[in-house]
Amino acid sequence: MSNTFESSGRREYLYNKKKNKIIVRVCQVAVLVLVIAIWEIGARLGFIDSFIMSQPTRVLRTISNFQNNNLLMHIGITFLETIIGFSLGAVMGIFIAMVLWWSDFLSKVADPYLVVLNALPKIALGPVIIIWVGAGMQAVIVMALAISLVVTIMEMLNGFKNTDTELIKMAKTFGAGKLQTFVKIVFPFNLATLFNCLKINIGLSLVGVIAGEFLVSRAGLGYLIVYGGQVFQMDLVMTSVIILAALAALLYRLIVLFEYVVMKAVSNK
Amino acid sequence: MREILCFENVSLTYQADNGEVEALRDINFSVAEGELVSIIGPSGCGKTTLLSLIAGLEPATEGRILVAGEEVSGVSGRTGYMLQKDNLLDWRTIYGNVILGLEIHGMKNSESIRYVEGLLKMYGLWEFCRKHPSQLSGGMRQRAALIRTLAVKPELLLLDEAFSALDYQTRLVVADDVYNILKREKKTAVIVTHDISEGISMADRIIVFSKRPGKISLDFRVEFPSSGEALSPLKRRNEPIFREYFNKIWKELDVNV
């Protein structure tokens, strides 16, 4: 394809496409600015009760005051718990899915249990987890793990089982054993499934961490939210929620970046 | 002439949920080195099963199969199998794809690599090495799949309806292409097809199978006497004798709708 000459129709098409993209972006930012502005102005004029709703400038003040309220420590703890719970969930989930793919017998036996465990709200296990592993970071991590693990197993197993049978047959004709078939065909075939799964899991892990922190109530953003609610410090609650949103976005971005790096490395082989 | 493939009283019966199925009954034939044999038969006559047996993907119920003098007892590097689709891996480059067999067989040594690179250069795929399968045409992809199979230096190639996923024009060209490569590399091959014309155009010899249970009902050599040298599959189709072979097989297949 040559780019040296563009017809006027082509130029117009590209221009319109670009224009649409910019308009969408501007609107996205405008919505955010508008909400913050209404919130702030409303609080100042008195038709929004800043005691109940907090207000943007107060959130900013809480954030800038991070040295007194240990905000960084709480963010760090939530981040760490999420990363650990998420990684454990992913690694264990993929491993268990692999074992179940390997053995048709095990997979058939495990099937009803997986279905039930998947439907069970894992948060109901919270108190049990705290009693079993102790009220601390470990309980929060297990909570995050419990929420993401079953989904990972089911998603990945489903993907593994739906690998193009012709590709598997092709590998077999070269004499590939089960391990080689998995490593060379089944796993790479499911990389897209894996990353979709991870993108969902990072959100689920955060749900597990926040729920865990609600119950354990020692540290982290979840703890701050519960604590702020109890002492009626809405500034703290709102700040924590906003930081949590930013953290969720950041974690999601990290997965996208990881996906990009892995896909690039794999496809250069 | 050395025998590359030999069937001795081979039968296959398998168990299905709705009963016992006799797929192949008492098959005897042999293929000499360098021969291209087309196996033609109606669908369900056990053609693909026959290839699975040769490739060692499943065992025969009775009799034995020898490939290059050794009895088949599982998958080995002695046979190379080409399936209906090219089955190239999208996430690998063409180069990564053609060395897949070498990787699996654990023979990624400098000698094999040199051989594969030679094939890639010889058959015009060298400049596409770093490209991905989706960037290549159907014919090029099929050629890459053939090189992947040739890379492990099999004594015998098995082609299972290897062109049926391609559109008609591409199919004619690819058949020509594959035929030339097989002849140039002096390969022995068993070509399974339901397409009578394709079977005649590519083979030195034709074996016709009857309906289930699969038996050999016809086994003859094809010769195109009008030329001094071997005709390509595409040119063969224009020879008057092509029609005769076609009718002979057609009558034998006794197609009923």
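1. Two strands pair if DSSP finds at least two bridges between them. That is worth having in mind for the hairpin of β4 and β5 in chain B, where 2 residues lie between the strands. Within this turn, Ala68(B) takes a positive phi of about 50°. Please remember while reading that this is a predicted model.

2. Let us stay with that hairpin for a moment. Strand β4 of chain B and strand β5 (residues 70-71) of chain B are linked by 2 bridges and run antiparallel. If you would like a residue to click on, try Leu66(B), which stands opposite Glu71(B) in β5(B).

3. Leu66(B) also leads to the next strand along. In β4(B), Leu66(B) is the bridge partner of Cys6(B). The two strands here are β1 (residues 3-16) and β4 (residues 62-67) of chain B, an antiparallel pair joined by 5 bridges.

4. On to β1(B) and β2(B): this pair is antiparallel too, and 10 bridges connect the two strands. A handy marker is Thr13(B), which sits opposite Glu22(B) in β2(B).

5. Which order do the strands of the open sheet take in chain B? The order is β2-β1-β4-β5, with 4 strands and antiparallel pairing. The edges are formed by β2 (19-32) and β5 of chain B, each of which pairs on one side only. As a reminder, strands of a sheet pair through backbone hydrogen bonds, either parallel or antiparallel.

6. The sheet has a helix lying across some of its strands. Helix α1 (residues 47-55) of chain B crosses β1, β2 and β4 of chain B, and its direction makes an angle of about 115° with β1(B).

7. Helix α5 (residues 138-151) of chain B deserves a look of its own. The helix has 14 residues and spans 20 Å from first C-alpha to last, close to the 20 Å expected at 1.5 Å a residue. Just after α5(B) comes Lys153(B), with a positive phi of about 50°.

8. Is α5(B) largely enclosed or left open by the rest of the structure? A residue counts as buried if 20 or more other C-beta atoms lie within 10 Å of its own. By that test 12 of the 14 residues of α5(B) are buried, so the helix is largely enclosed by the rest of the structure. Among the buried residues are Arg141(B), Arg143(B) and Arg148(B), along with Leu146(B), Ile147(B) and Leu150(B). Their cover includes β6 (79-82), α2 (94-98), α3, α4 (110-122), β7 (156-160) and α6 (168-184) of chain B.

9. Now for the place where the chains meet. Chain B gives 21 residues to the contact and chain A gives 17 residues. On the chain B side, helix α3 (residues 100-105) supplies the largest share, 5 residues. Sorted by class, that side of chain B holds 10 nonpolar, 8 polar and 3 charged residues.

10. Finally, chain A itself is split into domain 1 (8-59) and domain 2 (70-267). Taken over C-alpha atoms, the centres of these domains of chain A are 32 Å apart. Where they meet, 6 residues of domain 1 are in contact with 5 residues of domain 2. On the domain 1 side, α2 (50-53) and α3 (56-64) of chain A are the elements that give two or more residues. The largest share of that side, 3 residues, comes from α2(A). By class, the domain 1 side has 4 nonpolar, 1 polar and 1 charged residue.

Technical notes:
Residues numbered from 1 in each chain as written. Chains lettered and ligands numbered in written order. Predicted model: local features only at pLDDT ≥ 70, side-chain atom pairs only at ≥ 80, totals over all residues. Contact = placed C-beta atoms within 7 Å. Nonpolar A, V, L, I, M, F, W, Y, C, P; charged D, E, K, R; others polar. Axes fitted to C-alpha atoms, helices over the stretch in contact; angles between N-to-C directions. Expected span 1.5 Å × (residues − 1). Domains from an automatic or database assignment.
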